[in-house]
Amino acid sequence: MSRTRRRWPHLALAAWVVATLGALTWPGYDLLGNHVDPLVLGVPFSLAWIVGWALATFVVLSAYFVLTGGRR
């Protein structure tokens with residue numbers, strides 16, 4: 001297996017971590033997620049924003065585990 005083929009899941013995970021960090025800290029959260037209205041499933045949008053990113057991170061980490069075969 002080529003080195004590039006083995007490396008892409010790690011690079012994709014690193015890009016996801018940077019995107020998540022930007023979305024959940026200033027200025028990303030302040031610009032995009034810091035709103036009370038609208039309500040999403042009865043909770044304020046700011047809480048739904050954080051929960052949504054947490055669930056998306058679970059999906060990404062699960063895919064990473066499957067793609068790497070549980071190896072480091």
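1. Helices here are DSSP runs of H or I that span at least four residues, and they are numbered from the N terminus. Leu 47 lies in one of them, helix H3, and the coordinates discussed throughout this note belong to a predicted model.

2. Leu 47 deserves attention for its place at the surface. Together with Val 51 and Leu 55, Leu 47 makes a nonpolar surface patch of about 270 Å². Its own relative accessibility is 42%, so Leu 47 counts as partly exposed, given that this class lies between the 20% limit for buried and the 50% limit for exposed residues.

3. The aromatic residues come next. The structure holds three aromatic pairs, and one of these is formed by Trp 16 and Trp 53, whose ring centres are 5.3 Å apart and whose planes meet at 35 degrees, an arrangement classed as tilted. This pair links distant parts of the chain, since Trp 16 sits in helix H1 (residues 3–24) and Trp 53 in helix H3, with their positions 37 residues apart in the numbering.

4. The two partners of that pair fall on opposite sides of the burial limit: Trp 16 has a relative accessible area of 22% and is therefore partly exposed, whereas Trp 53, with 18%, is buried, because buried means under 20%.

5. Phe 45 and Trp 49 also pair, with ring centres 5.9 Å apart and planes at 45 degrees, so this pair is tilted. Both residues belong to helix H3, and because they are four residues apart there, about one helical turn separates them. Phe 45, at a relative accessible area of 21%, is partly exposed, while Trp 49, at 16% relative accessibility, counts as buried.

6. Taken together, Trp 16, Phe 45, Trp 49 and Trp 53 form one aromatic cluster. Within this cluster, Trp 16 is the member described above as lying in helix H1, and Trp 53 lies in helix H3, as do Phe 45 and Trp 49.

7. A last point concerns Thr 68, which is placed in helix H3, a helix covering residues 45–68. Thr 68 has a relative accessible area of 6% and is therefore buried. A polar atom of the Thr 68 side chain lies 3.5 Å from the backbone oxygen of Phe 65. When residues up to four places away in sequence are not counted, Thr 68 touches Pro 9 and His 10.

Definitions and conventions. Residues are numbered from 1 along each chain as its sequence is written. This is a predicted model: local features need pLDDT of at least 70, side-chain atom pairs count only at pLDDT 80 or more; totals for chains, interfaces and linings use all residues. Side-chain values use heavy atoms; hydrogens and water are left out. Helices (H or I, at least four residues) and strands (E, at least two) are DSSP runs, numbered from the N terminus. Buried means under 20% relative accessible area, exposed over 50%, partly exposed in between (1.4 Å probe, protein chains only). A polar contact is a pair of N or O atoms within 3.5 Å; within protein, one must be able to donate a hydrogen and the other to accept it, and residues adjacent in sequence count only if both atoms are side-chain atoms. Contact means heavy atoms within 4.5 Å. Patches are made of residues with over 30% relative accessible area and no salt bridge: like charges are joined within 9 Å, nonpolar side chains (Val, Leu, Ile, Met, Phe, Trp, Tyr) within 5 Å. Accessible areas come from the Shrake-Rupley method with a 1.4 Å probe; for residues, only the protein chains shown count as cover. A salt bridge is a side-chain nitrogen of Lys or Arg within 4 Å of a carboxyl oxygen of Asp or Glu. Rings of Phe, Tyr and Trp (its six-membered ring) pair if their centres lie within 6.5 Å; planes under 30 degrees apart count as stacked, over 60 as edge-to-face and the rest as tilted.
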